[in-house]
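Visitor: Please give me a close look at a single part of this model. Pick one element and follow its surroundings outward.

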Amino acid sequence: MSRTMHFLENVEGCAAPGGSYSLAVSDDRTVYLAGHFGKTAEGELPDLFEDEVALALDNLSATLNALGMTLSDVAQVTCVLTDITTFSDFDRVYRSRFSPPFPARMTYEVALGGGLRFEIMGTAIHPKRDGATEA
């Protein structure tokens, strides 16, 4: 049995990808989420770090919603901060969007381009056991 791959290129109301990549790639069960960042659909970054994190998580949620999923379907995330001293601010916003049991998570400090201070990527498991996602 061969797997069919689905590619989600953009989500209405969210910033378009900033390069040559899909927002999500999925097969019948697993969704691989590209790095999501906190820019508006118009490409603007919020002034406050916490607002940028919230918008990135909202954009991730919108991508999942476009696939018929929610943040509760996320199994694993990787979060990157440009300043690790903002970890507690990030975690506070993160906890306002995800609820227990939380996804497995790795968080680390990196340099990001375009003025970004935060990015999140992850893997989600589609709740439908018998059907393909429609990416």
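Guide: What follows is a close look at helix H1 and at what surrounds it.

This is a predicted model: local features need pLDDT of at least 70, side-chain atom pairs count only at pLDDT 80 or more, and totals for chains, interfaces and linings use all residues. Residues are numbered from 1 along each chain as its sequence is written, and side-chain values use heavy atoms, with hydrogens and water left out.

The setting comes first. The protein holds 2 helices and 6 strands. Both kinds are DSSP runs, numbered from the N terminus: H or I over at least four residues for helices, E over at least two for strands. In sequence order the pattern reads β-β-β-α-β-α-β-β.

Now the helix itself. H1 covers residues 49-66. Its 18 residues reach 26 Å from first C-alpha to last, close to the 26 Å expected at 1.5 Å a residue. That expected span is 1.5 Å times one less than the number of residues. After the helix comes Gly 68, with a positive phi near 75°.

Which residues of H1 are buried? They are Phe 49, Glu 52, Val 53, Ala 54, Leu 55, Ala 56, Leu 57, Asn 59, Leu 60, Ser 61, Thr 63 and Leu 64. Buried means under 20% relative accessible area, exposed over 50%, and partly exposed in between, with a 1.4 Å probe and protein chains only. The cover over these residues includes S1, S2, S3, S4, H2 and S6.

The helix lies across S1, S2, S3, S4 and S6, and runs at about 150° to S3. Axes here are lines fitted to C-alpha atoms, for helices over the stretch in contact; angles run from 0 to 180 degrees between N-to-C directions. The other helix, H2, lies across S4, S5 and S6, at about 150° to S5.

Next, the core. The largest nonpolar core has 28 residues, and Leu 64, Phe 90, Phe 98, Phe 118 and Ile 120 have the most contacts inside it. Strand S3 (30-37), H1, strand S4 (74-81), helix H2 (87-97) and strand S6 (118-125) each supply at least two residues of this core. H1 gives the most, with 7 residues. Such a core is a set of buried Ala, Val, Leu, Ile, Met, Phe, Trp, Tyr and Cys residues, joined through side-chain atoms within 4.5 Å. In soluble globular proteins, nonpolar side chains tend to be buried together.

Leu 64 deserves a stop. Neighbours within four places in sequence aside, Leu 64 is in contact with Leu 33, Met 69, Thr 70, Leu 71, Val 74 and Ala 124. Contact means heavy atoms within 4.5 Å.

The loop between S1 and S2 also reaches this helix. Val 11 lies in that loop. Val 11 is buried, at a relative accessible area of 10%. Residues up to four places away in sequence are not counted, and Val 11 touches Leu 23, Ala 62, Thr 63 and Ala 66. Val 11 and Ala 62 are 51 residues apart in sequence, yet 7.1 Å apart in space, C-alpha to C-alpha.

Then the sheet. The 6 strands form an open sheet in the order S1-S2-S3-S6-S4-S5, with mixed pairing. The edge strands are S1 (6-8) and S5 (104-109), each pairing on one side only. The twist averages 10° from one strand to the next. Two strands pair if DSSP finds at least two bridges between them.

S1 and S2 (residues 24-26) run antiparallel, joined by 3 bridges. Phe 7 stands opposite Val 25 in S2. Val 25 also touches Thr 30. Thr 30 sits in S3, and is buried with a relative accessible area of 15%. Further contacts of Thr 30 include Thr 123, Ala 124 and Ile 125.

S4 is mostly covered, with 6 of its 8 residues buried. S4 and S6 run antiparallel over 7 bridges; Thr 78 has Met 121 in S6 as its bridge partner. S4 pairs with S5 in the parallel sense over 6 bridges, and Val 77 has Arg 105 in S5 as its partner.

Last, the whole chain. Buried residues make up 44% of the 135 residues. Of the contacts with a separation of 6 or more, 68% come from residues 24 or more positions apart.
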